[in-house]
Amino acid sequence: MKINNVRYIIFSVFVLLLICTAGFFYVGQYESRHQAEHRQELTQTAAEVAAMIESQLSRSLSATLALSSLLHHYGFIKDFDVLASDMIKNYGGISSLQLAPKGIVSKIYPLAGNEKAIGHDLLKDPARRNEALKTIESKKLTLAGPFELTQGGFAVIGRLPVFLTTDNRTEEFWGFTIVLIRLNDLLNAAHIDNLNEKGYVYALSKLDPNTGEKKIF
């Protein structure tokens, strides 16, 4: 074989390797850029969904403030069932509204399926007492959960301690206005089902306050 032919073959192989290397590099760069753009898109989508859930959760929880306002003005709530029905429709994401004067649940709407909760004394229940007392001490709306319901599914509960001014111009603890929010109702109100339509797979989780571990629910 002539030297020129050998050189030509070597040169051809070198050019081919160079082209292949450049091609692999380009493909690698393209894939890296594509993955980075995809990660950015996912991060943005997750942030948007989180904002929607937070917004709907705040809206649902604000129902406790509306009930508290009525108690401050009138000292009682007339036609609770009618009012609660309208509020659930207008606020969205709410599974039930409750009144607990002196910490004892006495009114629930809707009552169907929640009958066992009537008469539940939050201040005497060992599983709820500390949480309820801390809420009274803070004088602020507190959120508990998510926890698994005995009838299935997960929910969070918002409790607002209500203090009414007595004739002696002192504040006296009236009780709690309560909203129970099933996660399914909350997520439906926040239109999280749009993620399924777009082909996303997602999971909801929380950090266990005792172990710091992530728990998917």
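## Getting to know W174 and strand β1

W174 lies in strand β5. We're working with a predicted model here, so let's poke around it with three exercises.

**Exercise 1.** Work out whether W174 is buried or exposed.

*Solution.* Start with the number: the relative accessible area of W174 is 18%. Next, recall the cut-off, since buried means under 20%. The 18% of W174 falls under that, so W174 is buried.

**Exercise 2.** Find which residues W174 is in contact with, setting aside its neighbours within four places in sequence.

*Solution.* Go along the chain in order. You'll meet L71 and G75, then L99, A100, P101 and K102, and finally V162, F163 and L164. Now pick V162 from that list: V162 and W174 are twelve residues apart along the chain, yet their C-alpha atoms are separated by 5.5 Å.

**Exercise 3.** Work out which strands are joined to β1 by bridges, and how many bridges each one has.

*Solution.* Take β5 (residues 171-182) to begin with: six bridges join it to β1, and the two run antiparallel. For a concrete pair, look at S96, whose bridge partner in β5 is L180.

Then turn to β2 (residues 107-109), which has three bridges to β1 and also runs antiparallel to it. Here L99 has K107 as its bridge partner. β1 and β2 make a hairpin, with five residues between them. In that turn sits K102, with a positive phi of about 60°.

Last step: how enclosed is β1? Five of the six residues in β1 (residues 96-101) are buried, so the rest of the structure largely encloses this strand.

Notes:
Residues numbered from 1 in each chain as written. Predicted model: local features only at pLDDT ≥ 70, side-chain atom pairs only at ≥ 80, totals over all residues. Heavy atoms only, no water. Buried < 20%, exposed > 50% of the residue type's maximum accessible area, 1.4 Å probe, protein only. Helix = DSSP H or I, 4+ residues; strand = E, 2+ residues; numbered from the N terminus. Pairing = 2+ DSSP bridges. Contact = heavy atoms within 4.5 Å.
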